[in-house]
Every structure is written in C-alpha cells, then in structure tokens.
Amino acid sequence: MIPVSLTDIQGVLPETIVVIAALAVIMADAIRRGHSGALLPVLSVLGLAAAGAAAIFLWGTSGTVFNGTVFADGFASFFKVLFTVIGILTILFSPHYLKITGVRLGEYYALILTAVFGMMVMASAANLLMLYLGLETMSISLYVLAGSQRGDVKSAEAGMKYLVLGAFSSAFLLYGIALLFASIGSLDYEVIGTFFASDFHPGPLLVSGLALLMVGFAFKVAAVPFHFWSPDVYDGAPTTVTGFMSTGPKAAAFVALIRVFGVALAPASSLWSGVLTVLAILTMTVGNVVAIRQTSVKRMLAYSAIAHAGYLLVGIVAGTKAAFAATGYYLSAYALMNLGAFAVLILLNRRDEGSYRFEDLRGMGFAHPLLGITLSVFLLSLTGVPPTAGFFGKLYIFSAAVEQGHIVLAVVGLLNSAVGAYYYLRVITLLYMAKPEGESIIVQPAAYRFALVISALLILVIGIFPEQLLRVITLAVP
Amino acid sequence: MQIELTHYLLLAAVLFSIGVMGVLTRKNLIVILMSVELMLNAVNLTFVAVARYTADLTGQVIVFFVMCVAAAEVAVGLAILISIWRHRGTMHIDSVKLLKW
Amino acid sequence: MILSLCIALPAATAFLLLLLPRLAAQAVRWVALLGTLATFIVSLVMFANFRAGEAGFQMVEKQPWIASIGVDWHLGVDGISLFLILLTTLLSVLCIISSWSSINERVKEFHFFFLLLETGMVGVFCALDLFLFYVMWEVMLVPMFFLIGVWGGSRRVYATIKFILFTMAGSVLMLVGILYVYFHTTDPATGAHTFNLLVAMEQAHYALEVQRWLFLAFGIAFAIKVPLFPLHTWLPDAHTEAPTAGSVMLAGVLLKMGTYGFLRFCLPMFPLATMQFVPLISVLALIGILYGAMVAMVQKDIKRLVAYSSVAHLGFVMLGMFALNIEGLTGSLLQQINHGISTGALFLLVGVLYDRRHTRLVSDYGGVAKVMPVYATLFMIIALSSIGLPGLNGFVGEFLILLGTFASNAFYAVLGTAGIILAAVYLLWMYQRVFFGEVSHEENLKLKDVTLREGFVIAVLVVLTIWIGVYPDPLLSRMQPSLELVLSRFQAAGVSQLLVP
Amino acid sequence: METILFAAFALASILAALLTITAPAPIASALYLVVTLFCVAGLYVLLAAPFVAAIQIIVYAGAVLVLILFVIMLLNLKPVEEKISIPWHAAGIAVAALLLLVVFLTIMSVSSLLPPASPLPSGYGTVGQVGRLLFTKYLYAFEVVSVLLLLAVIGAVALIRKPDAGETDAD
C-alpha cells in the first residue's frame, strides 16, 4: 500500500521547498562556517521565493490531502504566499542587523525558514493535531530566534520567557484539544464541523474544552488578559525577529482561528462569540492605552501589536466570509507596515544597547529622507489614514462588524484607532518637527532600501487599489 | 469498583492543575519546565484513556507526537537556560530583571 | 472629466515637484503657482459650464473604483459645492503667491503638502460617493498635519496633534455612520450595497431613533470641523500656530467642510433628526457667536483674535442653516464663501505684518497707518467686510441669515444681532490700537508698505468682497435651486408644518 | 486487581507530582518527576497502550529527565530560597484550584455519558497497530514532527555553542 499520492505531495509543495531550503542553508553554513558572506540570505530568499511561486502555482486547488489532515485550498495558498513575503522581507532586513549586533549565527536563516514552515503547516492544517504540530514547529524556531543574540542577556531572557509561556499556553491548547477529542472522538475540522452543525447540546465537557482552546489561542495572539508576555518578549528579542514574530505568527494564529472557530465551530458561535467580543474590546483598549505610556519605540510597537490583534479579533467575531477576507487583507497590510516600521527603527537606532528611545528619532526625517518617508508611510498605515492599506483593512473589518450588527464593537474599535493616532503620529512629529541631536551617518544597504521602498509602495498600492487583492482573498475564504 | 473513563479524566485534571500550580508558584526556571512536563503528561493521559474507552488508536498516536514536541521543548529550554546561566549564574525568574515578569 | 482634472491637477503638480532638485526653490514656487493657477482656470471653466437654475448635480462622472464593495469614483457639482470649489482653487493660488517669500525652509516639501491639501479639499466638495468623501476628508489631514507641524509657530507640535486628534475622533464616528448607511443602501442596478450618495439619499428613510444616532455620528465629525462650541478648542491653537498659508486654508476652506457636511449629509438624509436638533444646535451656535466675539475681544495676539472671530462667524453660518428656510440656508451658504474671503484675507494681512516684524502682539504696534497707508486701507476694507458693513459681502450674508432666523425664531435673531455688534467692537478696537495713534515702537517706523505681490493678493479678495456686496445675484441664483432641493426633503419627510414655530 | 493498580498509580503520581512542584532542590524535583512519569507509564499499560508506555519510559524518563538532571548537575544547582510573595503564591494556587474545580465538576457532570470500557480489537495498542496509523493517516504529521526535532537540535546546539570568534559577548 502506498499511502502517498502525487496530489498529496503537490498539496504541500511550498512547505517541502521551504524545508529543503532550510536544509541547504544548514549545510552551506556547516561547510563554510563563518565565511558564508551573502550566501545564506541569498539561498533563503531564493528558497522562499520558490515556495511562494509554488503556492501561487497551486492556486485554484481545493479540498484536503494526506487523508483529510491538510488543506490544499486557496486560503492556505494565500497565506503561504504571505508567509514567504514576510520571510523574505525579514531576511532582507537581517544581514545588516546581524552585522551591527555582532551576531554570527548561521542557524538564524535556517530557523526563519523552519518558522515559515511551521506557519504554513498551521495555515493548511485540517486537523487539530496538525495545527498543534505546526504551532510548535513555528514556536520552537521562534524561541531560539528570540534568544539568538547571545551577547545580550535580554535576548536570552526573552527567549526563555517566550518558551515558558509558549509551552504553558500550548499545554492549555492541547488540553482543550484533548477534551474536545474526548467528547467528539475526532480531531478533523470536518468532523468537528459536522458534529456542531447537526443538532447538539453543548455538553459541559465540550464547553470546557472550547474554553481551554480559547485560552490557548488568546495566549498565542496575545489577547488581553493573556498578553503580558508579549511586550517583554518583543522588547528583548533581536529587532528583526521582533518584526517577524509580530507579523507571521500572528497571521498564522489568525488563519487557525478562522478555520477552527470561524468555520468548524461556526454553528456553535453562540458559545464563544460573546467571550471573543469582550476579549476584542479589552485587547484593543488595553493595548492602546498602555502603548501611549511607553518610552521606547520598540515597546510602543509591541503594545500596539496587541491593539492590532484586537482589531483582528473583531473580524473573527463578525464571522462572515467578508469578515474573514477582511482579516486576511488586514494581516497582509499589517505584515508589510509592521515589518517595515521595525526595519526603519533598526537603522535609526543610534545607541548600541538597542534602547530605541523616542528621543533618538528627533529630526531624522529630514536628515534621511528615504527612511523618514517610508517610516511615515508605515506609521500612517498603522494609524489607519487613507489612502494606505492600513486604512482600508480597518474599514473592511469594521464594515463586516457593522453588517453583523456589532456597532458598539465598531465604535470602540474606531475610537481606539484614534487613540492609536496619538502615539503613532508622535513618532512622526519627532521625525519632522523636532530639532536633530547632532549629525548622524546611517548606513543603508541596497537590499535594505529596496525592501523598504517595496513595502511602502505596496502599502500605498493595495491601499488605493484594493480591488485585486480583495478579489483574491474573497475567492480563497473557506 | 470498576475503573471508568471518568476516573482517568479526573486524575488527569488533578495532574494538570498541579502542573499549572507549579508554573505559577515556582520561580526556578528548571522546575517550571518540569511543571509544564507534568501538564503535558496529564494531557497525554487523557488522550490515552479516551483511546482506550473508545477503542480508537488515534489517541495513542497523538501522544507519540506530543512526547516528541515535549522533548524538543525541553531541549531548547535547557539550551536557553544554559545561555542565561552563562550571563547570570542563576536560574530564577527574580534575576530576570531586565524584563519584568 | 473637468472635476477629475480639478482634483488631479494639484496632485500631479505635487508629484512633479518631487522630481525637482531640492535647492531649486524658485523653480518649485513657479511650478506650484502654475499648477494651482491651472487648477483655478479649470475650475473657472467648470463655473462657466455650470447651468444656473438647475438643482441637481452637474458634470457628473462615475467610474468603478473598488467594485466588489460598491465604491465608485463618483463626482459632481451643484449649487452648494460650486462656490466652495471656486473658493478653494482661488485661495490656493493666492496662498502660493503669499508664501513666496515667507516660506524659505523646505520649500519643496511645503508646496508638495500644500498641493496635496488642495487635492483633498476639492475632492471633499466634489465627492458623490460616501467612501470617496471619507477618504478625501481624511487624506487632507496628513498634509495639514505636516503644514502646521513643520512650518508652524513655536507651539506647533501641540497644535497639530490636537488638531489631528480632534478631527480623527470625530471622523471615526462618521465612518461608523457611513458604514451603517452603506448597509442600508442597495444599488437598484446590481442589488448590492453601494456607497453612492445619490442612491443613499433616495433610500434614506430611517426611523427617527436611527436618524438621531446617524445625525450624531455624522454631526459630531462636522461639528468638530465647523467648529461648534464647545468642540472648538483645537481651532485657536491650530490657526495661530499654522503658517499664513495654512491658516488661510484652515479658515477659508477647512471649516467649510464641516458646514458643507451638515448641508450635504445631515439635512437631506436625516430631516427628522435635524428638526429635533434645531434648538440644541441653534443655542450652541449662538453661544459660539457671543463667546467667540467676547474671547476675541481680549486677545493680545492679532492672529488669535482673527481665529476666535472665526468661531463667531461660523456660529452665524450654523444659525442660518438651522433656521431651515430658504433665506437662512442661502445666507448660510453665502456667508461660508464670505468668511472664506474675508477671514482668509485677514490672515494674509496679519501674515504681511508678521513677515516684517515677527510679532503678532497688538501691543507691539500702533500708528501703523502712518507708515503703511495702503496696507491700512486694505485692512480696513476687509475688517469692515468681516463686520458686515452694507455694500460689502458680509452684510448680504448676515442679513439673509438674520432674516431667515427671524422667521423661525425671533429670539435667536435678536441674540445674533448682538453678535454683529460685538464683532464691530473687537475688530475696530483692534484696528484702532494697531493702526491709529502715534508710532509707539521705533522698529515700526521703518516698516515697508505692502509690496506689489502682497498688494495684488489682497486686492483680489477686496474686489471680491465689494463685488459680492454690491451684486450677489450670480451667486444666489446658482445656490438657491440646490438649497430648495434640500428643503424639499423636509416637506417629503412630512415635517414642513413643524418649520413654523 | 486493576482497581488496586489504578489506585496505587494514581495516588503515587499525584503525590509525586505535588512533591515535584514543592521540593526546594531542583534535583529532588527531577527525581519526583521521574516517579510521576513511571506511574503514568504504568497507567498506560493498564489502558492497553504498551507501546506508549515504553516510549514514555525511554523518551521521557530515559532521555528528557536525564537531560534535565545533566543540566542540573552541570550547572551545579543548589536549592536557593525563592522569594515569592505571598499574594502571588496564593493567586497561583487559587488559579490552579479554580481550574481543577471547573474541570472536575465538568467531568463529574458528564461521567454517566462517557463510554464504558469496550472490548478491544486484537492487536490494539501494539507497535504494529500504532505504526500503521502513524504512517497512513498521520504520515504528514510524522514528517512535520521530524522537521521539528531537527530544528530543535539545531537550535539547541546553536544556543549553547561557544560564540564564534568575532561575535560580541557583552558579559
């Protein structure tokens, strides 16, 4: 009996390519230890690009492979492409950062690739076990990445903290899965969906299982009150990794949320949508209010990442196809703008200890036009000012909420985005409206400039002409 | 007295809660890691028990995967611990003061 | 096409500027001037093509933009927006000329943002699609944020953040309102929801309770922009700290976006709620008139005084609008244009003085009329126009507003008249302290009178004040059909009997 | 017989688990954890999962615990007084107790609905049976987990390897 068919392999082609690329990077690093130059990042980018191309090539397939454990549908393909974009951008920003921080970790690039692999597994999981394994593959890569700046104790501690809380929350998630398994007898989303779709009385065991599952997810997306780990981890991790962690894993977790809660558990939405509404409101509000009080730009972005998770939760609560499409759009936009913002921060940081004080940004906008303009675009997009992608994403998510009658949620969310304007625009005022502190010379590698300009342009393009992207996502939504 | 699924589930719940308590009350990172292992064991016990009482092997297969993940987590966790130890010479969350717990 | 051209020309010019070398300040100024001038000429062509006597939208353009959610690039102009567009394009030209020598730092960036600002403002007045309207409304914030924040006075950062936060807080509520309207509007052609304003107006038959909420959602955003007391606190800071061109655009055009919003959205779409809010808004408008005037009186800074006078003037505009009769509406709309001209001119005049002495304190001047006679004359005419002297534009507007208000509520009209008297007091008192008497400061002896460039800019506006004051008919005849259409919404809603108190 | 064994394993595992999280010395904790793991392995045997029980002992008790003990010895960890604030301590216990209470009540309330022990098909729980499922339905999961183990090894080695020459080491 041959349990694997060509269709199976085709369905996971992007993942396979990423793993092969990761292995190639490890080998290359082992052979040319310390003298690999640009080889590792180039290999990684090529691998990711090939994986992305494969995902695009697979566009249009549907259904599951590997005996119903893996989705090979448009939704998975869409996010696989997004993950490769996130991976490529992160890698383009990395060599410079690794150089200035003195990290020479060949495994760095391999781990980015395996993390992308884990995200892809999460996005295409059609079975709770696959979800768990993808999550852990991604998380363990990130634990190491967070702790990879070995010269810096903050980094190691961030890695440890991330690991302890990650493992802790995974255990909750897994216990939730176990209780669901105890009541349903299967881990396949499809079976779970059928179970809930048919007439059922949510037994207490099921409710407890769902609650634990939700706690696990809430930890993973850093929803208040399970958010306390994220600012510290984001702050301590190497900045490129922070950008990566705040975008990719978030997208992966939200795909899983959509697949599990939005689709499979949709018939039981009365059980969880109320709780999720409260979580969303808390997350948006607390994230924003705390972000205002930060003195480090990096921490500010970390807290604002919490707020953005709140906006995204609104999409899950709204629970329509349009809402999921909106979530997908917002995650794409968020990936570009947040990665970009972190990348500019890396260049603008003038002190070695990685403190990223607000004061360091004084007058940098006019001194370094490219950095100033791109950072402004990223921040305006994070604020949600038209014609950026951030604006359209927010509008699209909240319109889905209004459509479903969650008007209070929409009002709270939009007022929150006005609060967000305060701390994002404060950065711009420093960039352009404050006197600079002395001269500064900033190295801007070509790959870096290229990645920044592309991200900023993409944000504007998909902000002004969202139609194409919208169509693609809308078609893909399960 | 016949041993039912209920008993196994209750035992697992107790073990899980003990693990949670360990994570929340201890400050020694290595003990916290061990507490997480306790939690995972409780989950495994649940899976195996359900597998037995529904005569479905899926539960046992899942446990196999969870054990692999647990081993990987411990390995990475210990590696990070050692790297913290190099810097600080201690394993307490108290000493992790650069980042507020 | 012509409206798209009006919107696109400034934007295209802005991006053309980016191609110019950083140091070619003079070239930048010329290109920007030509760009705004071309826009103004295009808007004049539009004016020439406008058919007076028609109530509906003309020169309508419609292109699908984001088809899957029913967003169109949908533009049109009617009697309400016609003159606001003209005012915008004219003031833009004048602002570029007036900034010729006063902006010397980061010239390219200044003109870039200024042209984007013009794009946003023209877009707001042309948009016939709720989504497009909102985008333009928000887009315009960014250049204004930079104009105040980079080229403004000493407290510019505080002022610009305050301005942005006030406006954003209001506009997010409007967005929820827009979304609600969107989901209750169905395009008859496609059966899908649409942001089309014309369809939305046709299908706007909401229950009173819903109308009340929607009126608030839209109205708070507009009231902040107007600004209606007590939401006005951002205005004195923003106006005072902004560079001259920014202040002119803020006072001349930006505030009108609020009043325009009320006229375009709140009145026709939520007539029942509008009726209910008449007393509240009228009282707030009256408070604004009296409070603005009294605070203006005690200002030491000339620019701040002019800023507070805007609060008072916009109070009149709101008072006239919420009289809900044709006299009041016409006066209100005309007064919006008038305020744009005369307050714009006042800020330009203050800018002239500031460029010479770098102070705006009343106490630093005195006897200026002796050294700058031409300047003093121009200032006098504009001040009188602002006060509402018969024969000048302000009189026509205020007269119509008071006429309309008197018909609906005589008591409001009486209080409003008191506001006119106060306006005369603070403006003339300031004029007397600055221009008359002996020259009290030695530095002022050497002040040069207005240059040809400055004189031209203000002369253009002076000619307009006199023209509108003497012969307002070309404006009124184009405004009234559209305004009557707005009023007809009230009859249609069955509330006409309520119009008579 | 089964009942007695269950009771013994259950009590022993709970006791050992409690000792694990309360023992002041990490090395004692580790040893108590081994006891817990063995008890759970015993329960697996009772649950007709000999293969899982074997892995539990080999992987967990054999590998993971040895690793933990090795690190404890390597770093020469001695019991140190953990200054943990009383309210924080109490909160931790309260959360755990609450969780236990909720799950306990949940399970009790559904206990009558849970399936009784059903007769098992022959070969249930043997290596062959588990392996078949592992390599058919869960083949892809198996591949994923192999990547996961690989990356964990790479990551762990990367973290504890002495920094390369030229890599900054702040401390």
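What pattern does chain D follow, read along the sequence? Chain D follows the pattern α-α-α-α-α-α, and its six helices are accompanied by zero strands. The model is predicted. Chain A and chain C each receive an overview below, followed by the contacts between chains and a closer view of one helix and two residues.

**Chain A**

- The secondary structure of chain A consists of 20 helices and two strands.
- The radius of gyration of chain A is 21 Å, which agrees with the value near 23 Å that a compact globule of 478 residues would have.
- Taken along the principal axes, the box filled by the C-alpha atoms of chain A is roughly 70 × 55 × 40 Å.
- Buried residues make up 71% of the 478 residues of chain A.
- Of the contacts in chain A with a separation of 6 or more, 80% are between residues 24 or more positions apart.
- Chain A has an accessible surface of about 13600 Å², and carbon and sulfur atoms account for 68% of that surface.
- The charged side chains of chain A number 24 positive and 21 negative, with the centres of the two sets 8 Å apart.

**Helix H10 of chain A**

- Helix H10 of chain A covers residues 229–236, and eight of its eight residues are buried, so this helix is largely enclosed by the rest of the structure.
- The buried residues of H10(A) include the aromatic positions A:Trp229 and A:Tyr234, as well as A:Asp232 and A:Asp235.
- A:Ser230, A:Pro231, A:Val233 and A:Gly236 are also buried in H10(A).
- The packing partners of these buried residues in chain A are helix H7 (153–184), helix H9 (204–220), helix H11 (239–264) and helix H13 (297–318).

**A:Arg259**

- A:Arg259 lies in helix H11 of chain A, one of the helices against which the buried residues of H10(A) pack.
- The relative accessible area of A:Arg259 is 3%, under the 20% limit, so this residue counts as buried.
- Apart from neighbours within four places in sequence, the contacts of A:Arg259 include A:Phe71, A:Asp73, A:Phe75 and A:Ala76.
- Further contacts of A:Arg259 are with A:Ala123, A:Ser124, A:Ala125, A:Tyr189, A:Ala264 and A:Pro478.

**Chain C**

- Chain C contains 20 helices and two strands.
- For the 501 residues of chain C the globule rule gives 23 Å, and the radius of gyration is close to this at 22 Å, so chain C is as compact as a globular protein of that length.
- The C-alpha trace of chain C spans about 70 × 55 × 40 Å along its principal axes.
- In chain C, 66% of the 501 residues count as buried.
- Residues at least 24 apart provide 80% of the contacts in chain C between residues at least 6 apart in sequence.
- The accessible surface of chain C is about 16300 Å², with 70% belonging to carbon and sulfur atoms.
- Chain C carries 26 positive and 26 negative charges, whose mean positions are 8 Å apart.

**C:Trp65**

- C:Trp65 is located in strand E1 of chain C, which covers residues 58–66.
- With a relative accessible area of 18%, C:Trp65 falls under the 20% limit and therefore counts as buried.
- Although 67 residues separate C:Trp65 from C:Leu132 in sequence, their C-alpha atoms are 9.5 Å apart in space.
- Leaving aside neighbours within four places in sequence, C:Trp65 is in contact with residues of chain A, namely A:Ile464, A:Phe465 and A:Glu467.
- Within chain C, the contacts of C:Trp65 are C:Val71, C:Asp72, C:Trp73, C:Phe131, C:Leu132 and C:Val135.

**Chain D and the contacts between chains**

- Of the 171 residues of chain D, 44% are buried.
- In chain D, 56% of the contacts between residues at least 6 apart in sequence join residues at least 24 apart.
- Chain D exposes about 8500 Å², of which carbon and sulfur atoms supply 78%.
- Four pairs of chains touch, and chains B and D have the most contacts among them.
- The contact between chains B and D buries about 7200 Å², with 77% of this area on carbon and sulfur atoms.
- On the chain B side, the residues that lose the most area to chain D are B:Met34, B:Arg52 and B:Met67, together 9% of what that side buries.
- Chain C does not touch chain B, the nearest C-alpha atoms being 32 Å apart.
- Chain C and chain D are likewise joined by no contact, and their closest C-alpha atoms lie 38 Å apart.

Methods:
Residues numbered from 1 in each chain as written. Chains lettered and ligands numbered in written order. Heavy atoms only, no water. Helix = DSSP H or I, 4+ residues; strand = E, 2+ residues; numbered from the N terminus. Rg over C-alpha atoms; globule rule 2.2 N^0.38 Å. Buried < 20%, exposed > 50% of the residue type's maximum accessible area, 1.4 Å probe, protein only. Contact = heavy atoms within 4.5 Å. Areas by Shrake-Rupley, 256 points an atom, 1.4 Å probe, with all protein chains shown as cover. Lys, Arg positive; Asp, Glu negative; His and termini not counted. Charge placed at Lys NZ, Arg CZ, Asp CG, Glu CD. Buried area = accessible area lost by both parts, 1.4 Å probe.
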